[in-house]
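Trainee: I would like to go through the terms used for this model and check each one against its definition. Can we start with the charged contacts?

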Amino acid sequence: MNNNQYVPVAVIGVSHKTAPVEIREGAALDNDSQQVLLTKLYNEFDLEGVLILSTCNRTEVYVTGDEVNILLSDIRKRLDAFKEVPYYSNDEYVYIHKGKTAVRHFFKVISGLDSQMIGEPQITGQVKLAYEQAHQAGVTDTLLNKIYNYALQSEKKIRSNTFISEGAVSISFAGVELARKIFSNLEGLNVLLIGAGETVELAATHFMEKGVRSIKVVNRTLQRAQQLASKFNGQAFTLDQVEEALTDVDIVISATAGERYILDYNQLKRISKRRQHEPLFLIDLAMPRDIDPKGNQLDGIYLYNMDDLQEVVDKNLQNRREEIPKAMKFIDQYMDEFSTWMATYSISSTIKQLRRYFDDVRYNELQRLKSRLPQEGMEQVEYLTQSIVNKLLHQHIKILKSKNNNAERKQQKIEIIHELYDLNRD
Amino acid sequence: MRSISFVLNYLLPVAYLAVVVVYYRIFFHKQKELEQKTTIILSSLLVVHFFEISIRHLALNTIPLSNAFDSLSFLGFSILVVYLIIELTIKNKGTGLFILSFAFVTIFISAFNHQWQKETNALLSSPTFAIHASLTLIGYTALALSAIFAVLYIMQNRNMKSRRFGIIYDQLPAINYLERMSIRSVAIGIILLGVGILLGHWQAAKILDSYWPLDVKVIVSDIIWVVYLITYIFARLLKWRGRWMAYLAVSGFILLVAGSLAVVLLSESFHKFY
């Protein structure tokens, strides 16, 4: 891979890695702002492509065009002015990647490798939306389209060939993951919620999404229990009915503010015996705890608390981190493919620029001489000059398209031609 | 044909070992690229093994299952078939290392003990014998699988109870699945072994004029089967489950292996055909 290959793309970004939440909030761009800014940047700076990605953890502006490296500082100032904050010009919070580094960064972002929760899948959807928005606004060019396509391919490959997105990485999902290690399929299971606060409600929502059959709610006040139960079409009980409510339940989620155990060892022993040691999965999210931890010693009782769930989350995050080197190999593979494409793309773009340059020279010279030359025979002169230009161009094109070129050689030739005719200035 | 059979016979344990290595890498090194190829790997092994069995019996002009080591090879083949079905059904590859290692041991022992002699015993030409032997062997396979699932259940249950969220916890399926598979396999094993044994007795009556010939293999097999049946019925009636049911499945299988080994190594039986 040729690391010196010139790719006219850059990214200006603020993320969880470089800026605290207050700065990220200030730099964030809502949907409407993004729409406006896409067109403004594109027109004001004569860019060839713009893409804006703004999530809770990052705001990034990708720009393409021959002059991007020169324009970066002005674009940063424009972003500050647009948001009326001084963050984008502050090197402490902002990172800038240019050329291939920017492309590699984009590949990492779309695959979740740059996310706070490594491997999280939401970022892929967010990048897709950002691209759709830019595409619909008509501010994407061939290069940006290609980078996006290669990024999507690498993301797909990484997710299907590594475990980067596997395992729960939040406490409430860790409960679902543990339940699946007991019951394999949660469909048709019955859940009991002890307490009616937000914590149990959130956990219950995750279990409902996985297809559990019914939800019962036990609470000190029946009214609050009924309120929560109605959200899940469930039944409500008071605390003294807890054993009755537990009869046909498979999963218990408990989080009350009580000082004493709601389910003590003897109760659990009775329940376990009554259930003939059928598995009962209990999550105790309360502090102090609601369920006697000794209950875990009983056959068929699987009791977990907040620390246990955190342990599952930490283990899954560690597993994901261990997958990063594998994922990076896929990114390298797609960076190579992108480089190969880029070399070809650069040739065709150089030829276009070269043709424009030659045509301009021909046109200007003809204009200059038109007044001094007789009008008759002008058509032949035009034909002659066009023919000379084509002949001269042909030799350049032949050298650029030579089959003997490897990627590095091609790049050298492109650079020489750019320097010779000062094509970058255009 | 005999030389092809000879080569295949020794290639087979190598192929099984290679598959065990693949599952080892999936289990301990989490190689997702390999995970995606297991169906094709197992199917290829199945074809090779089927080809090996066919060639061997064509070369020797015998029917399969004519001696203990022949049967062991068939046992490994049956385990492979059952495991492939399990894997396709539950999409979990965590049990593969354990189940296929067991299959490899049977193939390894079988490959290095084949007698390479033409079969002459008239008893083996009876179609009832083939059904008797096949059912008995599949019954044994089911009981072996039940024991493996039970061991995995005990391991996973221990992980869940003591919060050991390591690689074994990650790779093994849910405990209720392991428990269900173990109990179902015992039931299938008892039924098939029972029918196989009954057919054996019926055949003995035809050939030896006695339903219960005084043969140590027959007696031990009958006793083990009865013990299995009674214990299973009691366990179900008493609604045993979980850990105790798993211990029972493992103990039953240890008893079965010990009994069979004792019969093979220490006594003479008319069940020897080579």
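Mentor: Start with the cut-off. A salt bridge is a side-chain nitrogen of Lys or Arg within 4 Å of a carboxyl oxygen of Asp or Glu. Keep in mind that this is a predicted model.

Trainee: Why is the pair Arg243(B) and Asp299(A) called a salt bridge?

Mentor: The closest N and O atoms of Arg243(B) and Asp299(A) are 2.9 Å apart. The limit is 4 Å, and Arg with Asp is an allowed pairing, so the pair qualifies. The count between chain B and chain A is four salt bridges.

Trainee: How many residue pairs are in polar contact between chain B and chain A?

Mentor: There are 23 such pairs, with both residues at pLDDT 80 or more.

Trainee: Which elements of chain B give two or more residues to the side that touches chain A?

Mentor: They are helix 2 (32-35), helix 6 (127-162), helix 7 (167-171), helix 8 (175-208) and helix 10 (243-266) of chain B. Helix 6 of chain B gives the most, with five residues. By class, this side of chain B has eight nonpolar, seven polar and ten charged residues.

Trainee: What is the size of the interface in residues and in area?

Mentor: Chain B brings 25 residues to the contact and chain A brings 32. The two chains bury about 2400 Å² between them. Carbon and sulfur atoms account for 45% of that area.

Trainee: How many cavities of 30 Å³ or more does a search of the whole structure find?

Mentor: The search finds four. The largest has a volume of about 100 Å³.

Trainee: Which residues are closest to the centre of the largest cavity?

Mentor: Of the 13 lining residues, the closest are His277(A), Gly300(A), Tyr302(A), Tyr153(B) and Gly242(B). Helix 6 and helix 10 of chain B each give two or more residues to this lining. Helix 6 of chain B gives the most, with three. The lining has four nonpolar, four polar and five charged residues.

Trainee: What makes the lining of the second largest cavity nonpolar?

Mentor: Take the residues: Val9(A), Leu51(A), Tyr62(A), Ala102(A), Val103(A), Phe106(A), Tyr131(A), Leu144(A), Ile147(A) and Tyr148(A). Val, Leu, Tyr, Ala, Phe and Ile count as nonpolar, so the tally is ten nonpolar, no polar and no charged residues. This cavity has a volume of about 60 Å³. Helix 4 (99-110) and helix 6 (142-161) of chain A each supply at least two of its lining residues.

Notes
Residues numbered from 1 in each chain as written. Chains lettered and ligands numbered in written order. Predicted model: local features only at pLDDT ≥ 70, side-chain atom pairs only at ≥ 80, totals over all residues. Heavy atoms only, no water. Contact = heavy atoms within 4.5 Å. Buried area = accessible area lost by both parts, 1.4 Å probe. Polar contact = N/O pair within 3.5 Å; in protein donor to acceptor, adjacent residues only side chain to side chain. Helix = DSSP H or I, 4+ residues; strand = E, 2+ residues; numbered from the N terminus. 1 Å grid on protein atoms, 1.4 Å probe; cavity = no way out; pocket = protein on both sides within 12 Å on 5 of 7 lines; lining within 4 Å. Points joined across faces, edges and corners; volume = space filled by probe spheres on them.
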